Amino acid sequence: MSKRRILALVLCVALIPAVALTACSGDKSDASSKIVIGIPQDLEDSLDPHEATAAGTREVLFNVYEGLLKPDPTGDIVPAVASDYSVSVDGFTYSFILRDGVKFHDGTNVEAEDVKYSIEKCAGLTGGQVLIAGLSNIESVEIADKNLIDITLKEPDMDFPAYIANTNAAIIPRSNSKPATNPIGTGPYMYVSRSPQDNIVLKKFDGYWGTPANIEDVTLKIIPNADSIVMNLNGGAVDMFARLTVTQTQQLNDNFEVLEGEMNLVQALYLNNAVKPFDNVDVRRALSYAVDVDNILELTSEKKGFPVGSSMFPAFSKYYIDLSDSYPTDIEKAKELLASAGYPDGFSFSITVPSNYQPHVEAAQVISEQLKKIGVNANIKLVEWNTWLSDVYTARNYEATVIGVDASSLTATAMLDRFVSDAENNFTNYSDPAYDELFAKLYITPGDEERVEIYKELQKNLAENAANVYIQDMAEFVALSDKYEGYTFYPLYVQDFAKLKLKGQ
Amino acid sequence: MKAVLKKLLTFIITVLLVTLFVFVAFEMIPGDAATARLGINATPEALEKMREEMGLTRPFFVRYFSWLGSFFFGDMGVSYSYGVSVRSMLASKLPITLTLTLMAFIMVVVLSIPIGLYSSKYEDRVFAKVIDVSGQLVMSIPPFFLGILVTYVFGMLLHMFTPGGFVSYDINFGKFISYLIFPALAIAVPKAAMSTKLLKTSILSERRLDYVRTAYSRGNSTMDVLYKHVLKNAVIPVITFLGMTLADIVAGSLVIEQVFSIPGYGRLLISSIANRDYPVVQAIIAIIAMIVIFINLLVDVTYQVLDPRLRGN
């Protein structure tokens, strides 16, 4: 045989497995239902629910894990791993009754010891640190009976059930030594596998105690590049994507239904109240008068979005009061206020914005243009998300920023506690003794009605002092392929895959 | 032998320098793996504890040399973001980036050599002129933009592939390769245009040399002269260019992965930088540096084979 023939033979042999592979692994039959859901970032912090911090991670883990309680789509807190709970008259002890027959994804039953282990781990009672801020108030976790767990608090806290309902406070098996790489929960979906920066595969958990999920296989596909999202959707590689921009939804083809909801956050031009000139209330008010929210909505989101005037969004309907008219656009008044504050010719400052959040970048650009009318020159400084976290949020080394602040738990407190002067998360350095005093009252006021009144007073305080230039609760757009239905909005940052189903299923 | 030793030394020094630079860069940019991991819930104590767990509180050089020591023995550490060994993570992604790079490179060679030969041989034909002009045009398009164009034309209009429908090699190899054809094309076309132009000018200038006239006078046919004499000489600068191009293609594939949603080294590198996941970043950069140096080594060897004058030196 000539050399050439040998080569040809070798090539042919080499091709056989490739052809065979192509032949035998064609499309799986569509007997089982599946969906591909796009997400903008991988779950990079941790798959351990107690250590997960990113909102994008928690919204996915919501399907895998459950706490003793969990939120429902209306924002109410409903029993999950616990079937019921009661609180002692003095408000110190919460007793949870473990639901019968709740199984972990590995098939074992949930026992009271697992609950004790999980809650103690979150609360930092076993030597570690407190993993969930709201649970630092726990004094002890006792197993009172085979299926009865008593949690005693250091101080009564009306918001405690909301903290327990947080996905972060999930119940996990005490036998699992590696929850970060081998997640086992009790939720409607179980974790199958992942490929970093590519996908995460979930499967319906057949042993789920509650209403089972409809779709068998869920693949989460990571698409960090905003330009690729629409192509992935239109091309058919992805069936669903949440939190799209208006522009993106306009580019979708007819195979998609666009659902509209609210993001449940407060987007604002947050001001560092500790630096000049923002330590002056007149300057802050002047900016609030100069910024035209309707114009921002018109230019950035086709008028979609809900203007807000304080640090609370409408989904907290019980606590929310509409303060969006506190500062109607009034350039003359803004100029007067600036002059009386000692800045008749305006000033310059910079708005630090995380570059990966296009809606915030766009809002900052509009604001920068609007402020020129009162002689204020705002430079936009784009930074990467991690730099924003460390410089702006942690070190508070900034002048102003546009960002959306959401509630870390289903409590109105979570929106307002960050404005107490010495709060660890008070990144705006807001400081008003009247506010602190009012906030402290929340803990000693037992009556529900009076408490609601305090929440409203707190919101008014922020609006009156123009703590920040409040913009909106942003509209959320979800693209869902017309093969599916059942997408459900929550007043929290979660995605509930279990309610999705094939049309006609 | 001496040459090989010299190469090896350059290899080691380059990898050392590159990894040291990355370490220094991480030292200078704000934020670290602990802030990335804990996000907005971080308390100062929790951050400090996390830093200690991650070994970030140790002095700079201790960290660098301990990383280097383990890397030398094949231990790339554990990713902060994923909690799994960097080695297993990178091993599963290497075939993706490598296949994409090789496919793009093969396309450059397969496209540029015949076209280069054609347009130098029939310099005056209209078609050769068309190639010239379109080559000039294509050369100036950045691969990123070309990627978007390719997706639009072949994916959205002609439906020749599903944008974003990447299939991993371990699931379906055939689909894997067919998906990579278009990204590879986006990387290859501008490079192929440059390579074509280089080959053409190189052949044209060789053809004016004395030895060509001698070859003709000895009665050789045009084909003979072109393939047996001119091409051998003309291809040397092209090889140099292709060597450099291959390094460029590796970089280009990192970019094009973003456009085509290919989960290779590029995606991993970018997200790891954002998360300050330095074990992953260090390992990827060290591997890319090694690949580039290895390619240069191959180019040197190719010279020796093609050009007898360099042999024995």
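Student: Is B:Ala33 buried or exposed?

Tutor: First, the ground rules: this is a predicted model, where local features need pLDDT of at least 70, side-chain atom pairs count only at pLDDT 80 or more, and totals for chains, interfaces and linings use all residues. Residues are numbered from 1 along each chain as its sequence is written, while chains are lettered from A and ligands numbered from 1 in the order in which they are written. Now, a residue is called buried if 20 or more other C-beta atoms, placed from the backbone, lie within 10 Å of its own, exposed if 12 or fewer do, and partly exposed in between. B:Ala33 has 23 such neighbours within 10 Å, so B:Ala33 is buried.

Student: Where does B:Ala33 lie, and what does B:Ala33 touch?

Tutor: B:Ala33 lies in helix 2 of chain B. Helices here are DSSP runs of H or I with at least four residues, strands are runs of E with at least two, and both are numbered from the N terminus. Contact means C-beta atoms, placed from the backbone, within 7 Å. Leaving aside residues up to four places away in sequence, B:Ala33 touches B:Met54, B:Leu56, B:Tyr80, B:Asn275, B:Arg276, B:Asp277 and B:Tyr278.

Student: Which element of chain B has the lowest mean pLDDT?

Tutor: pLDDT is the predictor's confidence in each residue, from 0 to 100. Helix 2 of chain B has the lowest mean, 75, and helix 5 (residues 86-121) of chain B the highest, 90. For chain B the mean is 84.

Student: How do I read strand 13 of chain A?

Tutor: In a regular strand, side chains alternate between the two faces of the sheet. In strand 13 (residues 265-271) of chain A, A:Leu265, A:Gln267, A:Leu269 and A:Leu271 point one way, A:Val266, A:Ala268 and A:Tyr270 the other, and all are buried.

Student: Which strands is strand 13 of chain A joined to?

Tutor: Strands pair if DSSP finds at least two bridges between them. Strand 13 of chain A runs antiparallel to strand 17 (residues 400-406) of chain A, with 7 bridges, and antiparallel to strand 18 (residues 469-473) of chain A, with 3 bridges. A:Ala268 stands opposite A:Ile403 in strand 17 of chain A, and its bridge partner in strand 18 of chain A is A:Tyr470.

Student: How many residues of chain B are in contact with chain A?

Tutor: 41 residues of chain B are in contact with 39 residues of chain A. Several helices of chain B each supply at least two residues of that side, including helix 2 (33-38) and helix 8 (173-207).

Conventions. Two residues are in contact if their C-beta atoms, placed from the backbone, lie within 7 Å.
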